[in-house]
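Here is a friendly walk through a few helices and some backbone details worth a look. Keep the structure open beside the text as you read.

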Amino acid sequence: MSYFNKVVAQKFYKARLTLRKEALSAINEYLRKSEGGEVLSMIDELVTKIKECGPSSNLVDSAIVKTAIQKLHQGVRMELESKNQFIYVIDAMRTPKFEYDVVRKTFKLAKMSPSLHGNADAKRQMYVQRYRTVLQRLMHQKQFAPTESRFDKGRKYVKLTQIRSLLTQSSENESRVVFGMLSCIEEGKYFLEDVDSNVELDLSKAKIDTGLYTENCMVLVEGILNEDVFEVASMSFPLAETRKQSLLMYPTMRNFGLNLKTSERLRLEGLQTSGEMESHMVVVLSEIWLDKPEVLDYLRILLKGLSQSVPPLFVLMGNFTSKPLGLNAGDIEKLSGYFDELADLLLEFPELTSSSKFVFIPGPRDIGIGNVLPRPGLPSAITRKLRSNRFPEGCVAFPSNPCRVLYGTRELLFFRQDITHQMRRNCILPPSTHETKDMTNHLVKTLLEQAHLCPLPLPTRPVHWNSEHALTMYPLPDLFVLGDSVDHFNWSHYECNCANPASFALDQSFIVYYPASNKVQFSRVDVDALEGDMEEDGLSQG
C-alpha cells in the first residue's frame, strides 16, 4: 500500500493535519484490509472521523487513527442491526469497462458506448484490450520481470520477444519466447498476432500444456523462426493470478459495477466477519424445463425441503423449456403460461418469497434478441406474474447472461452456456492428457487463464463488441458457476471456486454454495420422494 502514501499525505495536508510515520502505517493497514474498496472515499471518511475525535494539535499519531477506525466500525455494527441488505445483482450492461493504459501501467475506467452495436474500431479495441490485460498479468510473474538487483542474479529471466522484432532479427536458429493471440488469417494456416504484427506458426511438433487451444486464445509459444515461419516447440497459456494478487496491484478496480460507499463496504465486511453468514446458502439450479410437469414436481420438493432453512438466494438458470420457443405463433402465450405456473409454485412457499431472492438467468435456447453474448434478461412479456406485486419488492430479478452477484463481500459470477463441447470441437490441437484427461478441468483452466468467459472465434460464438468487457474475468471472482450441459464438476484454481450444477431437469442435481467458507456442495432431489419413500425433505447430498 506504499503507493498510496502520497495520496494520503495530500488529503491530510488539505485538512491541515500532519501524520506521524506510525499513523501512516496504521492507515495503510486499514486501506489494505479493504481488498480493493473505494480507497479515496475511505481516506476522506477517515479524515472526517479524525477531525470529529478532536486531536489536541494538528499532529496525528497512530492512537488517534486507531480510535477513528474503531468508531467507523462501531457505526457499521449499529447499522447492521437495522439493515440486512447484502445481495446485489449486477446486469452485464451495468458492468463497468476498464481499459489498460500502457503509459501509466494501470487500468482506467473507460466511457461506455450507449449503442449496443459497435463499429470496426470497437472490434479492434476488443482484441487489443484482451491482449493487454493478459500481457500485463503475465509481466507480474517473476520469470518475465527483468531486474538489476544483485540479490536476484541467480534467478532465471525469460525475455519476451515481440513479433515485429522476431521478424527483423537475423539469428533465425535462436530459440525465442513470444506472446500473442492465435488466429487463422489464411485458410489452413495458423498465425500468432499481437497489436503490431503477425507470424505464421508451424504446430506440427508443438508440445502443449493443459487447456483447450482455440483461435482467439492468448498463448505463450517457444521455438525458432525458420524462413518466416515460427516452428513451435512448446505452447502454453499465461498463468493466471489470484484475486488478491490482482487487487493488490489495482485496488480500485472493481468489475462488479458498484460504487459502494465506505460505510456500506464496511457493513458488508462486518457481516462477513461477524459469523452471521455462517449458515447462509446460495442454491443454484440449471436447466429448469417448465414445460415438463415432473420438473415442477422436483422443484416443489426442493423448495419444501429448503423452506425451513430459507436460503437468502436462489439462482435459476435456463434453459427454461426443453425445446426452443418463441419463433412460432402462440409461443409467447405458452411461455407466459409456464412462468405463471412457476410463479404459483413459488407462492406456495411464502416463507421463501418473503425472505429469499430469486434470480432468473436466461439460457442459450431461451427467448431473446438473437444468440449473441451477453444475452439480455428474460422479457417482461412472459414474466408478468413473477414481476407483479404478489411478490415483495426485490424478491425476483431478471438479469442478463452472464450476470454478477455481490453477496456480502463475495463476488459471484454466473454464466449459462454449453461451452465445453464447443471449445473441444474448435481446438486446433488435441488436448494434452499429461496432467488430466477431464475436459472440464481443461475448460476451467482455459477460461481462468484467458481471463474470459468465451475465448472462441466470433463466427462460432458471436459477442456484442461494445459489451464484450462483461465477459472478462479479471480480477477473478470468488465463485464462478458455469451452467453447462455436461456432468457436474467442481474445480478450484487460483483460489477461484468453479462449479457446474448439471441439469436439474435430467438428474435433479443442483449445488449449494456457502459464502462464509467459499465452499460448494452437490445435492439432488430424490425422485422417490414423490412417492413418499424417502426422507421428509426429499433431498440428498453428495
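## Helices H9 and H10

H9 passes H10 in a right-handed crossing. This is a predicted model, and in it the two helices pack with their axes 10 Å apart and at an angle of about 25°. An angle under 35 degrees counts as roughly parallel, so H9 and H10 are described as roughly parallel to each other.

Which residues bring H9 and H10 together? From H9 come Leu296, Leu299, Arg300 and Leu303, and they meet Glu341, Leu342, Leu345 and Leu346 in H10. By class, the residues of this contact divide into 6 nonpolar, no polar and 2 charged.

## A closer look at H10

Helix H10 covers residues 331-347, and its end C-alpha atoms are 24 Å apart. That agrees with expectation, because 17 residues at 1.5 Å a residue should span 24 Å.

Buried residues in H10 are Asp331, Leu335, Ser336, Phe339, Leu342, Ala343, Leu345 and Leu346. Leu342, Leu345 and Leu346 are thus buried and also take part in the contact with H9. The cover over the buried residues of H10 includes helix H9 (293-306) and helix H11 (350-353), along with strand E14 (357-361) and helix H12 (384-387).

## Helix H14 and its surroundings

Helix H14 spans residues 439-450, 12 residues in total. From first C-alpha to last it reaches 16 Å, close to the 16 Å expected at 1.5 Å a residue. How many of its 12 residues are buried? The count is 11, so H14 is mostly covered. Among them are the nonpolar side chains Leu443, Val444, Leu447 and Leu448, but Lys445 and Glu449, which are charged, are buried too.

Several elements help to cover the buried residues of H14, including helix H5 (120-138), helix H13 (420-425) and strand E10 (218-226). Strands E18 (479-483), E19 (489-493) and E20 (496-500) also belong to this cover. Just after H14, Ala451 takes a positive phi of about 55°.

## H5 against H14

The axes of H5 and H14 come within 10 Å and cross at roughly 95°. Angles of 65 to 115 degrees count as roughly perpendicular, and H5 and H14 are therefore roughly perpendicular to each other. Arg130, Val134 and Arg137 of H5 make the contact with Leu448, Glu449 and Gln450 of H14. These contact residues divide into 2 nonpolar, 1 polar and 3 charged.

## Positive phi at two glutamates

Two glutamates outside the helices deserve a glance. Glu227 has phi near 55°, a positive value in a residue other than glycine, and lies in the loop between E10 and strand E11 (229-236). Glu287 has phi near 65°, again positive in a residue other than glycine, and is found in the loop between strand E12 (282-286) and H9.

Is each of these residues buried or exposed? Glu227 is exposed, because its relative accessible area is 65% and exposed means over 50%. Glu287 counts as buried, because its relative accessibility is 7% and the limit for buried is under 20%.

## Cis peptide bonds

Where are cis peptide bonds found? One runs from Gly318 to Asn319, with omega near 10°, and Asn319 is in the loop between strand E13 (313-317) and H10. Another runs from Asn401 to Pro402, with omega near 5°. Pro402 has its place in the loop between strand E15 (396-397) and strand E16 (403-407).

Key. Residues numbered from 1 in each chain as written. Predicted model: local features only at pLDDT ≥ 70, side-chain atom pairs only at ≥ 80, totals over all residues. Heavy atoms only, no water. Helix = DSSP H or I, 4+ residues; strand = E, 2+ residues; numbered from the N terminus. Expected span 1.5 Å × (residues − 1). Buried < 20%, exposed > 50% of the residue type's maximum accessible area, 1.4 Å probe, protein only. Contact = heavy atoms within 4.5 Å. Axes fitted to C-alpha atoms, helices over the stretch in contact; angles between N-to-C directions. Parallel < 35°, antiparallel > 145°, perpendicular 65-115°, else oblique. Left-handed = near helix turned anticlockwise from the far one by under 90°.
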